[in-house]
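This report introduces a single protein chain to a reader who has not met it before. It follows the charged pairs, then the enclosed and open spaces.

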Amino acid sequence: MARHSIIEKLHSALTQPIETEMQVVYILVEIRKLLEHDGKKELYPAPNFYGNWVVHTKLSGSPVADRIVRLLDEVMYRKANGTVDLKLEDEAVAFFNETLFREQLSALLESVGLPTELCTDDTTWHDFRKKLAGVIEDAPLELKPSKASKPTHFVERVIVKNKSTDYALNVEWETVMHSHPIVEIKDGKMKLKTKAPTKL
């Protein structure tokens, strides 16, 4: 019954013109409820991420926070080891990409039989994106990994900030480190020697 109610509310919200930030928050909160109900947060990480951002300033130990922090940590670890993984870097950058968010949101809506014009119509998407940027404008999101999993190599937390323009939904992130890599170059090859704690 709860799922049916969420779908009905979303259908109503998605068929209205996007005119307020409140509408965007409502849609993303209901999307997040649907993902949670169906157990599909991992399948649609970008909508889940933005659904969290509109209602939180900190995410600690949640699957989405854990995934982002560990992904950026692994990119940094491999760079320190001289084993750059471009596919991993692309995945880290794509996670915050507007195109990925739009595609995943559209696929999610279509999969449950909801209208997809929000994502498929450029004007409607522009209105939605602009209002979303307004919601997160002054609300940096702090992400921390799960303490239950293995410790990260270097990254203690990630702070995500909105840097959107009228033309694109953009974010930037800052990594806060608990330790820094100490790298040596021997015979022309870079190797991670050790790591040093960050001084407070």
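With which residue does Glu174 form a salt bridge? The partner is Lys161, and the closest N and O atoms of the two are 3.8 Å apart. Glu174 belongs to strand 4 (residues 171-177) and Lys161 to strand 3, so this pair ties together parts that are 13 residues apart in sequence. Glu174 counts as partly exposed, at 37% relative accessibility, and Lys161 is also partly exposed, at 30%.

**Confidence**

The model is a predicted one. The chain has a mean pLDDT of 89, and 98% of its residues reach 70 or more. Among the elements, helix 7 (residues 117-120) has the highest mean pLDDT, 97, whereas strand 6 (residues 189-197) has the lowest, 74. Where pLDDT is low, the predicted coordinates should not be read in detail.

**Salt bridges**

Side chains of opposite charge can pair when their charged atoms come close. In this model the count of salt bridges comes to 16. Three of the pairs are set out below.

| Pair | Closest N and O atoms |
|---|---|
| Arg67 and Glu91 | 3.8 Å |
| Glu98 and Arg129 | 3.2 Å |
| Glu174 and Lys161 | 3.8 Å |

The salt bridge of Arg67 with Glu91 joins two helices. Arg67 lies in helix 4 (residues 63-80) and Glu91 in helix 5 (residues 86-94), so parts that are 24 residues apart in sequence are tied together. Arg67 is partly exposed, with 29% relative accessibility, and Glu91 is likewise partly exposed, with 34%.

Are the two members of the pair formed by Glu98 and Arg129 buried or exposed? Glu98 is buried, with a relative accessible area of 13%, and Arg129 is buried as well, with a value of 8%. Both values fall under the 20% that sets the limit for a buried residue. The salt bridge between Glu98 and Arg129 also spans two helices. Glu98 is in helix 6 (residues 98-111) and Arg129 in helix 8 (residues 122-135), so the pair ties together parts that are 31 residues apart in sequence.

Beyond these pairs, a network of salt bridges links Glu142, Lys144, Glu156 and Arg157.

**The cavity**

How many cavities of 30 Å³ or more does a search of the whole structure find? The search finds 1, and the space in it is about 50 Å³. Its lining consists of Lys41, Glu42, Pro45, Asn48, Pro63, Val64, Arg67 and Phe95. Helix 3 (45-53) and helix 4 are the elements that give two or more residues to this lining, and helix 4 provides the largest share, 3 residues. By class, the lining divides into 4 nonpolar, 1 polar and 3 charged residues. Arg67 therefore appears both in this lining and in the salt bridge with Glu91.

**The largest pocket**

The largest pocket holds about 190 Å³ of space. Its lining has 3 nonpolar, 4 polar and 5 charged residues; among the lining residues are Arg70, Lys144, Ser146, Glu156 and His178. Lys144 and Glu156 are also members of the salt-bridge network.

Where is Ser146 found? Ser146 sits in the loop between strand 2 (141-144) and strand 3 (155-162). Ser146 is buried, with a relative accessible area of 18%. Leaving aside neighbours within four places in sequence, Ser146 is in contact with Gly61, Asp66 and Arg70. Of these contacts, Arg70 also lines the largest pocket.

Notes:
Residues numbered from 1 in each chain as written. Predicted model: local features only at pLDDT ≥ 70, side-chain atom pairs only at ≥ 80, totals over all residues. Heavy atoms only, no water. pLDDT = per-residue confidence, 0-100. Helix = DSSP H or I, 4+ residues; strand = E, 2+ residues; numbered from the N terminus. Buried < 20%, exposed > 50% of the residue type's maximum accessible area, 1.4 Å probe, protein only. Contact = heavy atoms within 4.5 Å. 1 Å grid on protein atoms, 1.4 Å probe; cavity = no way out; pocket = protein on both sides within 12 Å on 5 of 7 lines; lining within 4 Å. Points joined across faces, edges and corners; volume = space filled by probe spheres on them. Nonpolar A, V, L, I, M, F, W, Y, C, P; charged D, E, K, R; others polar. Salt bridge = Lys/Arg side-chain N within 4 Å of Asp/Glu carboxyl O.
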